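Student: I am new to this structure, and I would like to understand how each description of it is reached. Could we take the terms one by one and set each value against its definition?

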Amino acid sequence: MRRSIGLCMLLGVALAAGGCQRDRGAAQADAGAPQGEPIHAVLTSPPNVPPPITRNHPAKVIVELEVKEVKQEIADGVFYDFWTFGGTVPGSFIRVREGDTVELHLKNPAGSHMPHNIDLHAVTGPGGGAEPTLTSPGHERVFTFKALKSGLYVYHCATTPVGMHIANGMYGLIQVDPPEGLPKVDHEYYVMQGDFYTTGKYHEQGLQAFDIDKAIDERPTYVLFNGREGALTGERALRAKVGETVRLYVGNGGPNLVSSFHVIGAIFDKVWDGKPSHFEENVQTTLIPAGGAKVVEFRAEVPGTYMLVDHSIFRAFNKGALAMLKVDGPGAPAIYHATPASPGTAPEQAPAGHEHGAPAPAASAAPAAADAPAGKVAKIDPIARGKEVFESTCAACHQPTGSGVPGAFPPLAKSDYLAADPKRAVHVVLHGLSGKVTVNGQHYDSMMPPFGPQLSDEDVAHVLTYVLNSWGNPGGRIHSDDVAAARRGGAKVEAAH
């Protein structure tokens, strides 16, 4: 009996001490009343991130967000009615400090068609602020919360139907810095994945409406980073230099899919989703649920172009979930050394002043702008668009320089196969190719899948025009009408020279 009483007393003391520790922890997180004058938060559009917070005390931070319903491109020539926070998808990046009192102003312009609100996952309280921020067109609502816990959090609209508001682009990230701040890095970028559901097929031109049946069935037409195919590729790619550290704030707005986030050729030094002191090391791919976010850090060791993908890989190469980080600087042969391709397969060196792998100056017949068939929304530069399609669809096998992979995938650079009969390329892209082929004196026996169901006539024409005018190939032009004829099984395609 005495032993039992003693144990009970010890347990009581331990529980009381634990309660005191929890109370002290809560008080520490609360960090007291705001100090100093109110601060207006610096908000940034993706992929930019507000500067780190260096103050050593909690403050009252005023965040002003405006809902914007905007019509803009989701892919080249494909338009969509986005609902946004701040006019971008994802919405404006918010950055505060643990212990701050956040006064959030949500404005919904009179021209909006819908009421909107905001649910912030950084909020401790019912609905994350959704109810007090429900804002009709032409009005503004104000809501205050205490940022109790550091971490990277999603925010999104939670107005009924919630899924539709999120699917139309109403999400973003709020970073709550710890009191001691985050370690310094050279670059911070804002990347957020989302799945989109359009009535038209992938790359079908014109204005596309939201398809509720696809959304319910979880069959997205597009899976994208930062709300647009190619938002972070080509000239819009993220940038770093060899030896610099990169921190990515990566979110997943959903509304449905889980992201398997991966940077091809990089290993994440640190990954965390809550406290930065609680991180994973040496991570290859990290799962980010719909409505979740993670911070990843790594050091750029080798120059080149690194692909950011959802490693549910058909989403990357067939639905658009692909971005780029371009790293400049000296090579690092002790870490990474590529053996030159065998003779006959090496691509032509890009001329001075041109990005390695970009088209050489086109032949006189090469186009400057695409023909605009009746009913199309806008003219598109076929070389530029073709390069984007190539990088997202073809470069994984044929390589960004068109060199191919010896013994596996034939080269497109200086290709005698293309030069001998450019018209074959249309049928190859549309219908695929299997069996033995000889390119530049080398034999290949691999399989290329058909891309006809995936690519539009315009994109097939653009990517082939890009290839014909790149890497020492003879130049020329493929038109969308030619591709349409080949798709119907009509006359054989002739490439213009």
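**Terms and values**

Tutor: Let us start with H203, which lies in the loop between β10 (187–196) and β11 (206–208), where helices (H or I, at least four residues) and strands (E, at least two) are DSSP runs numbered from the N terminus. The model is predicted, so local features need pLDDT of at least 70 and side-chain atom pairs count only at pLDDT 80 or more, while totals for chains, interfaces and linings use all residues. Residues are numbered from 1 along each chain as its sequence is written, and side-chain values use heavy atoms, with hydrogens and water left out.

Student: What makes H203 count as buried?

Tutor: Buried means under 20% relative accessible area, exposed means over 50%, and partly exposed lies in between (1.4 Å probe, protein chains only). H203 has a relative accessible area of 3%, and therefore it is buried. H203 also has a positive phi of about 70 degrees, although it is not a glycine.

Student: Which loop holds W471, and why is W471 called buried?

Tutor: W471 lies in the loop between α8 (457–468) and α9 (480–487), and its relative accessibility is 3%, so it counts as buried. W471, which is not a glycine, has a positive phi of about 55 degrees.

Student: How do you know that Q208, in strand β11, is buried, and what does its side chain reach?

Tutor: Q208 has 6% relative accessibility, and so it counts as buried. A polar contact is a pair of N or O atoms within 3.5 Å; within protein, one must be able to donate a hydrogen and the other to accept it, and residues adjacent in sequence count only if both atoms are side-chain atoms. A polar atom of the Q208 side chain lies 2.6 Å from the backbone nitrogen of G200, and a polar atom of that side chain lies 3.3 Å from the backbone oxygen of E204. Contact means heavy atoms within 4.5 Å, and, leaving aside neighbours within four places in sequence, Q208 is in contact with residues including V78, F79 and Y80.

Student: How do you know that helix α5 is not straight?

Tutor: The expected span of a helix is 1.5 Å times one less than its number of residues. For 17 residues a straight helix would span 24 Å, whereas α5 (residues 382–398) spans only 19 Å between its end C-alpha atoms. The bend at a residue is the angle between axes fitted to the seven residues ending there and the seven starting there, and α5 has a kink of about 50 degrees centred on E391.

Student: What is said to cap the N-terminal end of α5, and how much of α5 is buried?

Tutor: D381 caps that end, as one of its side-chain oxygens lies 3.0 Å from the backbone nitrogen of I383. Of the 17 residues in α5, 14 are buried.

Student: What makes a set of residues a nonpolar core?

Tutor: A nonpolar core is a set of buried Ala, Val, Leu, Ile, Met, Phe, Trp, Tyr and Cys residues joined through side-chain atoms within 4.5 Å. The largest has 30 residues, and L238 and F261 are among those that touch the most other members. Apart from it lies another core, of 28 residues, among them F82 and L173.
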